[in-house]
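Student: Could you take me through one sheet in this structure, slowly? I'm new to it and would like a close look at that single part.

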Amino acid sequence: MKAVIMAGGFGTRLRPLTLGLPKPMVPMANRPMMEHIVKLLGKHGFDHILSLLYFQPEAITGYFGDGTDFGVKMEYLRAEDDYGTAGSVRNAGDFIGDERIIIISGDVLTDFDLSAVMRFHEERDSVATMVLTHMENPLQYGVVITDDNGRITRFLEKPTWGEVFSDKVNTGIYVLEPEVVNMIPYRKFYDFSKDLYPRLLKDDAPMYGYTADGYWRDVGNIHEYMQAHRDLLAGNVEIELSKNELQHQGATLWIGKNQDVDDRAKFEGVVILGDDVSIESNATLSNCTIGDNTRIGSDAVVKDSVVWDGVDVGPGTRLTDAMVLSNATIGGGTVLEKNAIISENSRVGKDALVKAGCKVWPGKEVEDGATLSTSLIWGEKWNRELFTDAKVSGLVNVEITPEFATKLGAACGSTFPKGQSVVISRDAGNASRMIARSIMVGLVSAGVNVEDMRTLPIPLVRYGLKTGRHAGGLHVRHSPFNEDIIDVIFFDEKGMDLPSSKAKSLERVFFSEDFPRARVGEIGIIDYPIRLLEAYRQDFLDALEVDVIKKRRFKVVVDYDYGGAVEVFPAIFAALNCEVISLNAFIDSSKITRTRERTATSLQTLSSIVCSLNADIGFLLDNNSEKIRVVDRLGNQVSDMLLLLLVTSLYLRSYTTKLIAVPVVASMGVEEIASDYGVQVARLRSDHLAMMDAMVNLDPGFVGGTRGGFIYPGFQRGADAMFAAVKILELMAKGGITLAEVRGDFEGYFVKEAEVPCGWNKKGQVMRRLMEHSEPYERDLIDGVRINHGDHWVLVTPDRNRASFRIVAESRSPEKTDSILDTYKEHIAEWQK
């Protein structure tokens with residue numbers, strides 16, 4: 001039988017391990033990862049193998065040759081261009097012919113029963129079978145839903161937590177019939193997950209998912225590589241080690257040929273020793289892998305570590321959860337801390353200290369007695385995921401330090417052509433100023449120019465990017481909810497929140513630590529924008545019916561929340577013939593983070609002033625000028641959900657449109673209002689990027705959020721609190737009505753939410769059980785699972801940042817809503833067992 005091994009990856013996230021090797025050749029238990037795959041294929045009768053190559057192909061062809069030494073026939077094909085995953089397989093049409101093939105990656109570790117996979121494929125008469133496995137954290141993989149017979153009904157590549165509908169993931173192992181291979185365009189970019197499988201689903205082709213027993217791990221980054229070794233030593237995966245097993249001192253040793261082990265050496269746990277290894281007196285080895293031709297000096301301690309071939313570890317050295325790559329030298333008395341990596345052909349002198357998380361690049365030298373430290377505190381957060389949506393967040397001067405910010409800026413700048421420009425702004429906090437300036441240093445070091453907007457709010461950054469003159473933008477702020485946390489928010493060249501695909505690309509560059517810097521003559525410059533405020537003000541007014549607003553002569557109370565809107569909004573109000581009473585209308589760096597208590601106090605104050613001055617309305621802007629809180633003319637506070645209903649009603653009274661868009665968590669009242677006007681409602685993911693995408697792609701009348709953010713056509717692509725506030729004035733003026741007069745129609749909807757703790761390793765399992773539970777009901781699978789019951793609904797979503805689930809429910813009575821929440825709290829607790 002024939003098999004195709006995908007062996008063309010660059011292995012960027014595995015650097016520095018892959019700087020001198022293609023990813024499939026990285027050692028796993030002293031043998032290339034791809035060798036374990038070749039042996040697995042041969043074990044199950046796949047004796048004719050084609051390897052698809054791209055990066056450093058000679059390393060693979062030189063090692064495997066014609067396959068004779070591995071009991072198979074090996075052929076190779078190097079693509080002339082990047083045709084994508086499916087396109088690369090189609091390029092091998094001459095090898096495949098009219099035969100069924102299995103496709104597998106050369107850089108995974110697995111012991112799946114491939115014979116069982118083939119039997120399943122044949123029994124189901126499948127044209128394409130995807131091998132699946134259960135994964136505790138499915139975010140980095142394609143999530144798959146099958147029916148009881150295994151037929152695939154839904155597939156989503158690399159979802160967010162709100163889109164994780166199952167813990168079954170795509171392992172990248174496929175069985176394809178030749179007619180499916182022939183569906184792939186020849187020598188064109190075509191992807192299995194993005195192109196071929198969606199097409200098969202659309203065509204209702206018999207495509208099945210086989211949920212395999214056994215072990216599988218995608219060795220995509222350093223963490224996964226080390227975990228794969230831990231699993232291997234723990235006996236969690238069955239692979240052929242080609243070594244002799246020996247029980248010694250209560251430890252299990254897998255030993256190669258020609259060992260020179262001193263009788264006084266100590267062993268603990270499971271240890272793999274390659275050929276021609278020398279272990280000197282009183283050395284201690286515990287749960288580690290030692291490569292061929294390596295010496296471990298006397299009194300050295302090697303614990304939970306991976307050591308490649310040709311390494312010399314000096315006497316008295318301490319390695320803990322570290323990696324030492326081929327032909328490196330570690331001097332006596334040196335200490336390598338957790339996650340330290342010493343690359344190939346490097347030398348670390350005697351009595352040195354290599355701090356946790358520090359990587360020594362190939363060919364580098366650390367002098368005797370030196371302390372090598374990293375500027376980044378490598379916590380679990382950064383190892384798991386740098387970005388949350390379009391944002392990088394962390395503790396000030398702990399996780400996000402000036403050094404970290406400079407590196408982040410340099411990584412970001414390296415993704416743009418030299419000479420391009422980026423806009424950046426910040427809030428007034430001292431920490432935000434420090435981090436913004438550090439990012440600017442990194443950007444200019446990469447040859448990128450910077451336009452510094454200083455304390456202008458986020459809507460001005462988006463507006464500045466509308467010109468098309470810049471490659472992207474950033475905003476640095478204190479978290480609105482925790483003054484100890486800094487957020488760095490990224491925007492693309494059009495002012496949109498940075499898409500997840502670009503965020504992941506930037507994340508890979510950042511972790512690779514291998515991005516170019518500019519030469520002296522290419523270093524960027526820092527400048528300041530000219531006439532931005534004037535242009536923003538004019539376009540702002542051009543997008544409104546100014547005369548309608550001016551005729552009403554509104555009296556408005558505005559709380560600026562000490563934010564940057566105070567530099568912009570007063571000049572706009574001056575053109576609207578409004579009487580404005582301004583509160584907190586100055587920038588104060590000590591008032592950037594808003595607690596619940598301060599928000600409640602601010603709204604109460606706003607309420608009192610609106611009533612006492614007989615104003616028409618009161619607005620509380622958030623510090624970043626993206627969201628608004630509203631008080632009606634009677635002093636009643638308007639909740640975010642009620643505000644969405646009121647704006648929907650006012651908008652549809654005055655404007656004709658076919659469609660509006662709201663998040664999936666929005667009240668069912670939106671549909672009830674829209675149905676009176678014959679307007680459709682599009683439901684979206686509950687994030688700002690989804691709102692922006694809807695404005696661009698769906699052509700709605702407006703996009704309304706559930707947290708005080710609104711987007712209208714004709715001005716901004718993102719939420720702008722200043723524009724949203726004035727738009728409400730326009731709607732009231734056009735309709736001849738106030739919010740206080742409308743709100744009584746929409747106060748009969750009761751929305752509540754709750755949070756239920758759930759470990760990260762149980763989230764996928766809970767989502768799978770939730771999908772099974774909701775199967776009989778009408779449901780929306782947009783962001784989490786929303787189950788609709790006509791007069792009530794419930795939405796269950798895994799929290800993106802916390803080990804918990806969020807439940808939101810709505811009905812026509814508070815008691816009913818509470819009952820729904822209680823029911824699903826119990827369900828989620830039960831589904832974790």
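Tutor: Here is a walk through one sheet and a helix beside it. First, this is a predicted model, where local features need pLDDT of at least 70, side-chain atom pairs count only at pLDDT 80 or more, and totals for chains, interfaces and linings use all residues. Residues are numbered from 1 along each chain as its sequence is written, and side-chain values use heavy atoms, with hydrogens and water left out.

Okay, the sheet: it's open, with 6 strands in the order S34-S38-S37-S35-S36-S39 and mixed pairing. Strands here are DSSP runs of E, at least two residues, and helices are runs of H or I, at least four, numbered from the N terminus; two strands pair if DSSP finds at least two bridges between them. Strands S34 (391-395) and S39 (526-527) sit at the edges with a single partner strand each, so one side of each has no neighbour in the sheet.

Now look at S37 (residues 472-478) and S38 (residues 485-491): they run antiparallel, joined by 6 bridges. On that pair, His475 stands opposite Ile489 in S38. Helix H11 (residues 430-445) packs on the sheet, touching S35 (421-426), S36 (449-454), S37, S38 and S39; contact means heavy atoms within 4.5 Å.

Back at the edge, Ile526 lies in strand S39. Leaving aside neighbours within four places in sequence, Ile526 is in contact with Met440, Val444, Val450 and Asp452. Ile526 and Met440 are 86 residues apart in sequence, yet 7.8 Å apart in space, C-alpha to C-alpha.

Conventions
Axes fitted to C-alpha atoms, helices over the stretch in contact; angles between N-to-C directions.
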